[in-house]
Amino acid sequence: PSAVKTVPRSIFPEPDQVREGSTVTGMMDNQTVHAIVAQVVRDDVTLDFNHPLAGKTLHLEVEIVDVR
């Protein structure tokens, strides 16, 4: 939950092109960050910086090929 932030729509180079569900890339503290646009409401955009698999249940199928 702490990786979700609401920012002004005006900070985007093309504010009218921001759409829910799209991925945006930017710089934060000299690092490239990726976020998913979670919600667009008038002049505000809510960004989700969590990994896309965060909070989901993962089911893995593995094959053991060697035991040492």
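Let's start with the largest nonpolar core, which has 8 residues: Val7, Phe12, Val18, Val24, Ala35, Val37, Val45 and Leu47. By nonpolar core I mean a set of buried Ala, Val, Leu, Ile, Met, Phe, Trp, Tyr and Cys residues joined through side-chain atoms within 4.5 Å. Buried, in turn, is under 20% relative accessible area, exposed is over 50%, and partly exposed is in between, with a 1.4 Å probe and protein chains only. Two elements, E3 and E4, give two or more residues to this core.

Before going on, a word on what you are looking at. This is a predicted model, so local features need pLDDT of at least 70 and side-chain atom pairs count only at pLDDT 80 or more, while totals for chains, interfaces and linings use all residues. Residues are numbered from 1 along each chain as its sequence is written, and side-chain values use heavy atoms, with hydrogens and water left out.

Back to the core, and to one of its members, Leu47. Which residues does Leu47 touch, leaving aside neighbours within four places in sequence? The answer is Ala3, Val4, Lys5, Val7, Phe12, Val24, Ala35, Ile36 and Val37, where contact means heavy atoms within 4.5 Å.

Now the chain as a whole. How many helices and strands are there? There are 0 helices and 4 strands, and the pattern along the sequence reads β-β-β-β. Helices (H or I, at least four residues) and strands (E, at least two) are DSSP runs, numbered from the N terminus.

The radius of gyration of the chain is 17 Å, whereas a compact globule of 68 residues would come out near 11 Å. That radius is taken over C-alpha atoms, and the globule rule is 2.2 Å times the number of residues to the power 0.38. Along the principal axes, the C-alpha atoms fill a box of roughly 55 × 25 × 20 Å. Of the 68 residues, 15% are buried. Looking at contacts between residues at least 6 apart in sequence, 38% join residues at least 24 apart.

On to the loops. Between strand E1 (4-8) and E2 we find Arg19, and Glu20 is in that loop too, between E1 and E2. Arg19 is partly exposed, at 46% relative accessibility. Beyond neighbours within four places in sequence, Arg19 contacts Arg9, Val37 and Val40. With the same kind of neighbours set aside, Glu20 is in contact with Val37, Ala38, Gln39 and Val40. As for distances, the C-alpha atoms of Glu20 and Pro8 are separated by 14 Å, with their positions 12 residues apart along the chain. Arg19 and Phe49 are 30 residues apart in sequence and 16 Å apart in space, C-alpha to C-alpha.

Next, a point on backbone angles. Most residues other than glycine have a negative phi. Here, Asn30 has a positive phi, near 60 degrees, and Arg42 also has a positive phi, of about 50 degrees. Where do they sit, you may ask? Asn30 lies in the loop between strand E2 (23-28) and E3, and Arg42 in the loop between strand E3 (31-41) and strand E4 (44-48). Are they buried or exposed? Asn30 is exposed, at 75% relative accessibility, and Arg42 is exposed as well, with a relative accessible area of 73%. The C-alpha atoms of Arg42 and Arg9 are separated by 8.0 Å, though the two residues are 33 apart along the chain. For Asn30 and Val45, 15 residues apart along the chain, the C-alpha separation is 22 Å.

Last, charges: the chain has 6 positive and 10 negative side chains, and the centres of the two sets lie 5 Å apart. Lys and Arg count as positive and Asp and Glu as negative, with His and the chain ends not counted; each charge is placed at NZ of Lys, CZ of Arg, CG of Asp or CD of Glu.
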